[in-house]
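Colleague: Please take a close look at one part of this model: the strands, how they pair, and the contacts made around them. Residue-level detail is welcome.

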Amino acid sequence: MPAQPRCSGSMDFRELRFARAMEFTIHEINNSTDLLPGITLGYQIYDSCSAVQMAIKVAFQFVNGVDPVFNSTSSCSKYAAATVPAIVGDSSSTSSISMARTLGLFGIPQVSHYATCTCLSDKSQFPAFFRTVPSDEHQAAALARMVKYFGWTWIGAVRSDTDYGNYGMAKFLKAAQEEGICVEYSEVYYRTQPRSKLERVANVIRRSTARVIVAFVHAGDMRFILEELVQQPSPLLQWIGSDTWIIDPEFLRFNICAGALGFGVPRSVFPGLREFLLDLSPEQASESSILTEFWESSFSCSLKGRTGSSALLRECDGSEDIRALQNPYTDTSQLRVTNMVYKATYAIAHAMHGVICSDRQCNKTIKFAPWQIVNQLKKVSFTTNNGYHVKFDSNGDPIAVYELINWQFKNDGHLNMVPVGYYDSSKARGQEFRMNSAISWMGGQTEVPVSVCSESCPPGTRKAVQKGRPVCCFDCIPCAEGEISNKTDSVDCLRCPLDFWPNNKQDSCHPKSVEFLSWDDTLGIILIVSSIAGAFMAVCVTVVFYKHRASPIIRANNSELSFLLLFSLTLCFLCSLTFIGQPSEWSCMLRHTAFGITFVLCISCVLGKTIVVLMAFRATLPGSNVMKWLGPPQQRLSVLVFTLIQVLICVIWLKLSPPYPFKNLKHYKERIILECGLGSAIGFWAVLGYIGCLAFLCFLLAFLARKLPDNFNEAKFITFSMLIFCAVWITFIPSYVSSPGKFTVAVEVFAILASSFGLIICIFAPKCFIIIFRPEQNTKKHIMGKVQSKGL
């Protein structure tokens, strides 16, 4: 037969305290007049030694009712000759799983005080399992939210290679992912693995860049990891611990864990428990193998009559004082898991009460099956003597309430566990976690440590994940042109509305600056002055011509058309003013039509003068009567007809698709250009084209008449003026198309002014010069003199 499993290693004094706390609770229940009145509970205590093999053996011993380790002095075990009605335990998840699979086959309820594995909530596998300690699913969620609360997005993770560690860490990693937390590494270790594995885990921790490490580790495994880490100096780490080791006073000796944070079940107070634990004499200890081992191990002596004890131990002489001991058994300052034992024992008692008692009367002879206790456990709801409510949900789990524990240095330089916050899963989402005290961080620092893979991206940038690395590792990319991000760590940049543009930091949108050729703009002022100067010049010439209207030089150059031309030139100069200022619906329609009509009127006058000059020469030829067809009525009619054609084009343009004001958002990205849309491009180019045709025809006729014999041949001046006019408007087209923003309008105004000045200077300046400075030449004889000399 294979060897029977036995416990090995030193005794766990804390587990002994749990066992005796159950004994204390049963004594309290037996003395109660409300709970199970007249019924005395008995108990059997077995040590599973935190080993799966021993846990399975113990489960079968409970089922078969043999070999108790120590029991009560009462003999009320007649209700369970072959089986016990319920079990409190085990402490570890792995052992509890093994026991629950066995006990569940017989329907024996098991209420654990410290088995936290999420897997035990599966009622299809563990139908008779209950627990008073919260499931690791709640602890994992609480740890993830706490990590997120302090802004840590880059962490390391270590777990025990057990059901507790693997299931707990899996839940934590899932919750951390939902909170946007990245894990640099996830290491696993179990205390029976080779030392090389332990060294590798320790080296990974030392070399990591994450300053926060979450340890979902059993206390036995954690001890090995910390002892290995203290061998060599390592960077300060902010430890985040699971409940198994964060509330274990034994670990307070590791100063590298100063500032550690973790969740544990709340501390409790048990009046009378300490006295019960210390009320232990050598005679009582010798009645139980476990208590005997505790006594001999604590005082390094052998109890009288003890067989098999080491010969090296002295015999206990009665001077041993249990009150002077300082070990986990006697330490009642951090009664946390002990309270879970207390609640588990009471839960079973209440379930039994529900089965065998009614109206404070209990039937001592009734026989009941374990499954009846299971059914009652699902219904229990009570408050213990120390003020804690006990109730199980459909999974056999309690409401998760945790105390946030912080390891802080005391004045004497030793670490101490200090509650700094709470977590209550029954609260609304976002309100479960709260802080109520200051935290001491790693190494005793007062500032929250930073643990991120990449520094936060400031507003004006966006996150770009680094290829092949977790999402928490990213580069900060400036937002593209026209886009902003107005918060830290933006994933995407937002494009500003069309009428807005980012500021220099690209963290907010501001209205775009509006650009148009304004009245107070320097360029606008220059054009206004030039326009008014041109109009004033035309008026002055008109005054001069009117004052000398009877002089030969004016009479010889068709004074009526000259005055009409000066009037049209004045309008040409003034129409350029309509191009200045903020475009409006009326100004857009007026500027193009006024320009087109006034210029056609102007060119029509010039064309009429050219035709008159050309035909006047032909009229001197013998037998010619052409001048009777070019009298003043015909000249006025020709100007009117040419002008009406342009008016008709403009009316059609305005009727079908008139110019309109619009915001040009395409030419400049950072500012808006207010300009006039052409409406119909065909209409615009038809207006320009008609002007161009008249100008070209005028230039052609003037060019033909440039050498006619005359002492003052006006055809030469018209040729020069039309040459300037055509040159200006030919160069205007590419300049107009390529000029940006307000300069487009400025180019058009410049073309209007340049061509107008060209006409007035070339045609009227020579006449004014003679009238004012050479009056002796302003005679009919002088004007006709050159013709006569050439005729000779």
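Modeller: Two strands are taken to pair if DSSP finds at least two bridges between them. Strands (E, at least two residues) and helices (H or I, at least four) are DSSP runs, numbered from the N terminus. The model is predicted, so local features need pLDDT of at least 70 and side-chain atom pairs count only at pLDDT 80 or more, while totals for chains, interfaces and linings use all residues. Residues are numbered from 1 along each chain as its sequence is written, and side-chain values use heavy atoms, with hydrogens and water left out.

Start with strand β6, residues 154-160. Six of its seven residues are buried (under 20% relative accessible area; exposed is over 50%, partly exposed in between, with a 1.4 Å probe and protein chains only). β6 runs parallel to strand β7 (residues 182-189), and seven bridges join the two. In that pairing, isoleucine 155 of β6 is matched with valine 183 in β7. Between these strands the chain passes through helix α5 (residues 163-178), and the β-α-β crossover is right-handed (with the strands pointing away from the viewer, the path from the first strand over the helix to the second runs clockwise).

β6 also pairs with strand β8 (residues 212-216), again in the parallel sense, over five bridges. Here glycine 156 has isoleucine 213 of β8 as its bridge partner.

β8 in turn is joined to strand β9 (residues 238-241) by four bridges, and these strands run parallel. Valine 214 is the partner of isoleucine 240 in β9. The route from β8 to β9 goes through helix α7 (residues 219-229), in a crossover that is right-handed. β9 is covered on both faces: Gln238 and Ile240 are buried on one side, Trp239 and Gly241 on the other. Two bridges then connect β9 to strand β10 (residues 261-264), also in parallel. Isoleucine 240 takes part here too, with leucine 261 in β10 as its partner.

Next, the charged contacts. The whole structure contains 19 salt bridges (a side-chain nitrogen of Lys or Arg within 4 Å of a carboxyl oxygen of Asp or Glu). One of them involves α7: arginine 191 and aspartate 221 meet with an N to O distance of 3.1 Å. This pair links distant parts of the chain, 30 residues apart, with arginine 191 in the loop between β7 and helix α6 (195-207) and aspartate 221 in α7. Burial is uneven across the pair: aspartate 221 has a relative accessible area of 0% and is buried, whereas arginine 191, at 26%, counts as partly exposed.

Helix α6 holds a more local contact, between glutamate 199 and arginine 195, whose closest N and O atoms are 3.2 Å apart. These two residues are four apart in α6, about one turn of the helix. Glutamate 199 has a relative accessible area of 33% and is partly exposed; arginine 195 is also partly exposed, at 48%.

For reference, helix α1 has a salt bridge between arginine 20 and glutamate 23, at 3.3 Å from N to O. Arginine 20 and glutamate 23 are three residues apart in α1, so about one helical turn separates them. Both are buried.
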